[in-house]
Amino acid sequence: MRGRRWADGRGTLVVPGAAGDGTAVRVPVEIAASYRARTRGLLGRDAVAGAMLLTPAGSVHTFRMRMPIDVAYLDRRFRVLAVRTMRPGRLGLPRLRSRHVLEAAAGAMAGWGVRAGVRVEVRAEVRPD
């Protein structure tokens, strides 16, 4: 999706073949594309339903977070570069080639099959005009 402009909103994270039987796992995702939405992220929340995509983003922090989170660093083609679990009060190092960051509750990504090398897809909901 070269040159695609993302907008704040909702969508679906699709992890192909994650169930082990060839079927894809679908997870609700909140898209944070504006500076304000990316800055706010998951701060102040006690839980997250599904995942949050920060775009563009190359690193994150968990200062003022109330819960540990899984963080997946994605390249331009949504291939997972690395997945880390971060406790509150931590600063994640910037990842070379990272263009997007996916956040979820700690432990969730392993259950969805999100791991280094996997290419995920994010389908944004189309808003009616």
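Asp-75 is a buried residue without a salt bridge in this predicted model, and the nearest side chain of opposite charge, that of Arg-79, is 4.9 Å away. Because a salt bridge requires a side-chain nitrogen of Lys or Arg within 4 Å of a carboxyl oxygen of Asp or Glu, the separation of 4.9 Å leaves Asp-75 and Arg-79 unpaired by that rule. The side chain of Asp-75 nevertheless reaches the backbone nitrogen of Arg-79, at 2.9 Å. Leaving aside neighbours within four places in sequence, the contacts of Asp-75 are with Leu-81, Arg-97, Arg-99 and His-100.

The setting of Asp-75 is the loop between E4 and E5. Strand E4 (residues 69-74) and strand E5 (residues 80-86) run antiparallel and are joined by 6 bridges, and Leu-74 has Val-80 in E5 as its bridge partner. The hairpin that these strands form has 5 residues between them, and within it Phe-78 takes a positive phi near 65°.

His-100, one of the contacts of Asp-75, is found in strand E6 and counts as buried at 4% relative accessibility. Apart from neighbours within four places in sequence, His-100 is in contact with residues that include Trp-6, Leu-53, Leu-54 and Thr-55, as well as Tyr-73, Leu-74, Asp-75, Arg-76 and Phe-78. Arg-97, another contact of Asp-75, lies in the loop between E5 and E6 and counts as exposed.

Backbone geometry deserves separate attention. Most residues other than glycine have a negative phi, and most peptide bonds are trans. Against that background, the peptide bond from Thr-55 to Pro-56 is cis, with omega near -10°, and Pro-56 has its place in the loop between E3 and E4. Arg-64 is also placed in the loop between E3 and E4. The table gives the phi and relative accessibility of two arginines with positive phi.

| Residue | Phi | Relative accessibility |
|---|---|---|
| Arg-64 | near 65° | 67%, exposed |
| Arg-97 | near 75° | 59%, exposed |

Nonpolar packing comes next. In soluble globular proteins, nonpolar side chains tend to be buried together. Here the largest nonpolar core has 23 residues, and those with the most contacts inside it are Leu-13, Leu-102, Trp-112 and Val-120. At least two residues of this core come from each of strand E1 (9-15), strand E2 (25-32), strand E3 (51-54), E4, strand E6 (100-105) and helix H2 (108-112), and E2 gives the most, with 4 residues. Val-120, if residues up to four places away in sequence are not counted, touches Leu-13, Val-14, Val-15 and Pro-16, together with Leu-74, Phe-78, Val-80 and Val-114. Val-120 thus touches both Leu-74 and Val-80, the bridge partners of the E4 and E5 pairing, and also Phe-78, the hairpin residue with positive phi. A second, separate core has 17 residues, among them Leu-54, Val-60, Met-65 and Ile-69.

Which residue forms a salt bridge with Arg-123? The partner is Glu-121, and the closest N and O atoms of the two are 2.9 Å apart. Side chains of opposite charge can pair when their charged atoms come close. Both ends of this pair count as partly exposed, Glu-121 at 32% relative accessibility and Arg-123 at 38%. The count of salt bridges comes to 1, whereas Asp-75 is buried and has none.

Technical notes
Residues numbered from 1 in each chain as written. Predicted model: local features only at pLDDT ≥ 70, side-chain atom pairs only at ≥ 80, totals over all residues. Heavy atoms only, no water. Pairing = 2+ DSSP bridges. Buried < 20%, exposed > 50% of the residue type's maximum accessible area, 1.4 Å probe, protein only. Lys, Arg positive; Asp, Glu negative; His and termini not counted. Polar contact = N/O pair within 3.5 Å; in protein donor to acceptor, adjacent residues only side chain to side chain. Contact = heavy atoms within 4.5 Å. Core = buried A, V, L, I, M, F, W, Y, C linked by side-chain atoms within 4.5 Å.
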